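Work through the exercises below with the model open. Try each task before you read its solution.

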Amino acid sequence: MPATVIVGAQWGDEGKGKVVDLLAESADVVVRYAGGPNAGHTLVVGGRKVVLRLVPSGALHPHTLCLLGHGMVIDPATLLEELDALEELGVTLAGRLQLSRQAHLILPYHVELDVLRERGAGATAIGTTKRGIGPAYEDKVGRRGLRAGDLEHPTRLRAKLSESLEHWRPSLSALGGRAPDLDAIYERLLALAPRIVPLLDDISHSLDVALREGKRAMLEGAQGTMLDIDCGTYPFVTSSSAVAGGACTGAGIGPSRIDRVIGITKAYTTRVGGGPFPTELHDARGEHLRTVGHEFGSVTGRPRRTGWLDLAALRYARRVNGLDGLAVTKLDVLTGLDRLLVCTGYRTPDGIATELTPDLTEAATPLEPVHVELTTWDEPLATARDLADLPTAARRYLSFIEETTDISVDLVSVGPDRDETILVRPCLAGHL
Ligand code: IMP
């Protein structure tokens, strides 16, 4: 009953979309377990670009059952727009997409609150994606949230909407926002309900049945380890459980059902929004990573912050996710750099810290990374399909990652297209 979790090992945008899409070829079920339309998985298939925000990346394979887990927050209008856009590309999800009744709804005033708060926060802004993610999860833990299943019960829906609005009215008013109109939001939800309700299901049950039947499931994380609400660089995090453990609560399965956890990491590091980023570059090399790597947010279009690969962060990601293997993406972007550094740890008063832990990232004093310099290469990598096709320096870069983190590199991506991939362990795809 193989169930594999695919998790971002950094600050999101690691290229999970491509890896999930690739590995989903051999999966029967794909599940998104956390986050909402703050995610943007850009897939390039046959030269065509598709950005998926809510639908799992495995959806492009016509045989996969797609489940949206209850760890997610769903903007119903965005979901329907995405389904329409996929239809236009010839990808139909009819009959193979299920939405958890327990997934929470993002409502228009959640988005407005997110925007107004960020605008008012100045230097302390989190740099959110302004999709209403935080306020929707606040309603969830405040036990006044509206869930997808409420769309089946108009009276209950209206009562809960009224309760949530009462809670937020003073905050909206204090922030200079518009007074939300209960009737208008309610009518809008009723208008969307006929297309959402048929998707509702007990996705935990669907997943359990599939696993008992011996089907292969892939549970796809959103954002990344360092943006996790508990394990990340709090408070500069998203509001959900992005780490592998979130797959259990967010999809409704027990930890014993998960067979394998694969972490996705870029060959360097990026982050969007505010917060600690100790290996950040502010020079021409950082610009090289941004330009060559097309490091601009797929949801917001914001330029991403860029820096050297942080192996201490990866070691931490290994610990909190229980990583069994790594997929290293965008190795090709490092071609042509005049210097190549990786961070192996941090200097602290007690010695060298080899994991980038929350107590370090919350420290008031700037962190001092320990860097190791590795050999650069100039050869383009896009045509490599085997490790042996890579220049020696690039192979050394990968083996240095393996040696330092003690995680095997199972897959390497050398370009955006599906076939621009080196499957280091061919068993990987078969395992799913
Ligand atoms: P929120 O999830 O929109 O509330 O944003 C909280 C933090 O997570 C901000 O720093 C965002 O930039 C970051 N974030 C949210 N989603 C993503 C993502 O998919 N990739 C990278 N960063 C993200």
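A salt bridge here is a side-chain nitrogen of Lys or Arg within 4 Å of a carboxyl oxygen of Asp or Glu. This is a predicted model: local features need pLDDT of at least 70, side-chain atom pairs count only at pLDDT 80 or more, and totals for chains, interfaces and linings use all residues. Residues are numbered from 1 along each chain as its sequence is written, and side-chain values use heavy atoms, with hydrogens and water left out.

**Exercise 1. Describe the salt bridge between Lys16 and Glu14.**

Step 1. Take the distance. The N to O separation of the two side chains is 2.8 Å.

Step 2. Set the scale for burial. Buried means under 20% relative accessible area, exposed over 50%, partly exposed in between (1.4 Å probe, protein chains only).

Step 3. Classify the partners. Lys16 has a relative accessible area of 4%, so it is buried. Glu14 has 0% and is buried too.

**Exercise 2. Which parts does the Arg304 and Asp13 pair tie together?**

Step 1. Find the contact. The two side chains form a salt bridge, 3.3 Å from N to O.

Step 2. Locate both ends. Arg304 sits in the loop between α9 (284-292) and β13 (305-307), and Asp13 in the loop between β1 (3-8) and α1 (16-23), so the pair links parts 291 residues apart in sequence. Helices (H or I, at least four residues) and strands (E, at least two) are DSSP runs, numbered from the N terminus.

Step 3. Compare exposure. Arg304 is buried at 7% relative accessibility. Asp13 is partly exposed at 25%.

Step 4. Widen the view. Asp13 and Arg304 belong to a salt-bridge network that also includes Lys266, Glu295 and Lys330. The whole structure has 31 salt bridges.

**Exercise 3. Map the surroundings of the ligand.**

Step 1. List the neighbours. The ligand has 16 residues around it (a heavy atom within 4 Å). Asp13, Asn38, Gly127, Thr129 and Thr238 come nearest.

Step 2. Check polar contacts (here, N or O atom pairs within 3.5 Å). The side chain of Thr129 places an N or O atom 2.6 Å from a ligand oxygen. The side chain of Thr238 does so at 2.6 Å. Val272 uses a backbone N or O atom, 3.3 Å from a ligand oxygen.

Step 3. Gauge the cover. On its own the ligand has 470 Å² of accessible area (Shrake-Rupley method, 1.4 Å probe), and the protein covers 96% of that.

Step 4. Place the ligand. Domain 1 (3-91 + 202-431) and domain 2 (104-199) both give residues to the shell, so the ligand lies between them. The domain bounds come from an automatic or database domain assignment.

Terms used:
A polar contact is a pair of N or O atoms within 3.5 Å; within protein, one must be able to donate a hydrogen and the other to accept it, and residues adjacent in sequence count only if both atoms are side-chain atoms.
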